[in-house]
Amino acid sequence: MIISPEVIRESQQLVIDVFKSFRDELMESYGKIKHSSKQDGSPVTKLDVKIEQALKTKLADAYPDFGFHGEETDDVEGTIDATWFVDPIDGTRSFMHGLPDCSNMAGLVVDGVTVASVIYHFATDELYTAIRGLGAYRNGESIHINNTVLDDSIVFAGAVAYKDVYPVLSYSGLGMYAPIGASGYEFTRLAQGNIQGVTKLRSGSMLHDDIPGVLLVQEAGGEIVSFEGRDYDYKTLEFVAATPNVAKVVREQYDAIKKVIT
């Protein structure tokens, strides 16, 4: 299905407008909102659901053929192969505690390819956007990865990667740190050059967590190394997003890393 660049940009702007319209309400509840627990034990607040439902309604009105996949509400099947994947508040726990590593995130996938993304750090009013082939931006200014030497590189690693992958890569001089648990924060730090890698070695589907950030990183000059025996696509769960220098080391140690994560 061919979707025009204008429709991609317009639907991206709609997402941005909806996210930004909730900033005042989010900041009023920042660090002091009550929550409930989902079936998997993760927290959810009334604003997670409210933001997602508002965006779903706006997109359905403007683009009725698009599908919608959100973290908190039921999916909507589209009549064409174009779907917005949405995480209304990435880092809900951080939002509840008044920590700044929380964001609104969304990514548009068309015919299996991510073509647009939005990550809005509402606590700091930082807007990150990308459209495939047009670069990555923070508040309208172009951003790029920092392909520094390995000895100066930092990789954010989840618990599995920190425990098992770090020994494999430690010879290279890479610094590996356990992140604070918000994908949007991790991907934006990589895209704007603060860190040099992000590990995502998941046991379950978290598409809404990864789709927006991966496109941002790619458009900022980063690379994605898949550990699923095929090239990265939007359904890939096990991968490393990194600068070219770090990605080269990961590929060199691919077999050793694959062995310890399986």
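This note goes through the nonpolar cores, one buried threonine and two residues with positive phi.

1. The structure is a predicted model, in which local features need pLDDT of at least 70 and side-chain atom pairs count only at pLDDT 80 or more, while totals for chains, interfaces and linings use all residues. Residues are numbered from 1 along each chain as its sequence is written, and side-chain values use heavy atoms, with hydrogens and water left out.

2. The largest nonpolar core (buried Ala, Val, Leu, Ile, Met, Phe, Trp, Tyr and Cys residues joined through side-chain atoms within 4.5 Å; buried means under 20% relative accessible area with a 1.4 Å probe, protein chains only) has 36 residues, and Phe19, Leu55 and Trp84 have the most contacts inside it. Among the elements giving two or more residues to this core are α1 (5-21), α3 (46-62) and β4 (82-90), and α1 gives the most, with 6 residues. Helices (H or I, at least four residues) and strands (E, at least two) are DSSP runs, numbered from the N terminus.

3. Leaving aside neighbours within four places in sequence, Leu55 is in contact (heavy atoms within 4.5 Å) with residues including Leu14, Phe19 and Val86. Apart from the largest core lies another, of 22 residues, among them Met105 and Val198.

4. Thr114 is placed in strand β6 (residues 113-121) and counts as buried because its relative accessibility is 7%. Not counting residues up to four places away in sequence, Thr114 touches Leu108, Val109, Arg132, Ile211, Leu215 and Tyr234.

5. Most residues other than glycine have a negative phi. Asp111, in the loop between β5 and β6, nevertheless has a positive phi near 50°, and Asn139, in the loop between β8 (136-138) and β9 (141-143), has a positive phi of about 50°. Asp111 is partly exposed (from 20% to 50%) with a relative accessible area of 38%, and Asn139 counts as partly exposed at 41% relative accessibility.
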